[in-house]
Amino acid sequence: ARSDTPVLVTGETGTGKELVARAIHAGGRRVSKAFVAVNCAALPRELVESELFGHRRGAFSGADRDFPGLFAGAHGGTLFLDEIGELSLEVQAKLLRALQDGEIRPVGGLESRRVDVRIIAATNRSLTELRSGRLRPDLFFRLSVLVIELPPLRERREDIPHLVAHFL
């Protein structure tokens with residue numbers, strides 16, 4: 001939690017990947033800054049780049065104002081990219097560039113902007129699936145510096161009383 005190392009959290013749907021991401025953020029030095037969570041699978045394909053990196057007014061139909069994007073919103077904090085394996089390979093290339101350079105360029109913009117974010121990514125896909133084409137190999141390498149594999153609840157029955165107490 002105290003490093004800025006990218007983390008890849010894997011596990012079935014419902015295993016608590018976002019809870020783990022929030023705990024990592026809460027235990028780190030970025031806790032006073034934003035935790036921005038985005039479900040990559042829920043972003044419309046044509047708006048993913050704009051949502052992540054922002055856009056300038058007039059960049060496309062409906063862009064009636066500047067939008068800073070989620071990277072800018074997480075500046076100084078943590079950006080949680082849930083279901084990272086659902087991003088297109090084209091967007092993955094732009095994401096990789098942002099991670100390597102620490103800069104983003106809004107859609108329709110000419111200038112780049114420096115951003116300082118810690119990335120925590122999550123997927124319900126197996127590492128084997130990710131390596132076999134769901135993620136670019138270079139992006140997988142960059143994100144999987146630290147991998148946390150969450151077992152399903154059926155394999156952690158001792159957690160059930162704690163979860164029941166929490167929800168009650």
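Q: What is the relative accessible area of Glu 103?
A: This is a predicted model: local features need pLDDT of at least 70, side-chain atom pairs count only at pLDDT 80 or more, and totals for chains, interfaces and linings use all residues. Residues are numbered from 1 along each chain as its sequence is written, and side-chain values use heavy atoms, leaving out hydrogens and water. Glu 103 is partly exposed (buried is under 20% relative accessible area, exposed over 50%, partly exposed in between; 1.4 Å probe, protein chains only). Its value is 32%.

Q: Which residue meets Glu 103 in a salt bridge?
A: A salt bridge puts a side-chain nitrogen of Lys or Arg within 4 Å of a carboxyl oxygen of Asp or Glu. Here the N to O distance is 3.7 Å, and the partner of Glu 103 is Arg 114. The pair ties together strand E4 (residues 103–104) and strand E5 (residues 113–114), since Glu 103 lies in E4 and E5 holds Arg 114.

Q: Which strand holds Thr 123?
A: Thr 123 is buried, at 0% relative accessible area. Beyond four places in sequence, its contacts (heavy atoms within 4.5 Å) include Leu 8, Lys 17 and Leu 130. Strands are DSSP runs of at least two residues, helices (H or I) of at least four, numbered from the N terminus. Thr 123 sits in strand E6.

Q: Within what arc do the buried residues of H1 fall?
A: The buried residues of H1 are Lys 17, Val 20, Ala 21, Ile 24 and His 25. They line one face of the helix, because the arc, taken from the directions from the helix axis to the C-beta atoms, is 140 degrees.
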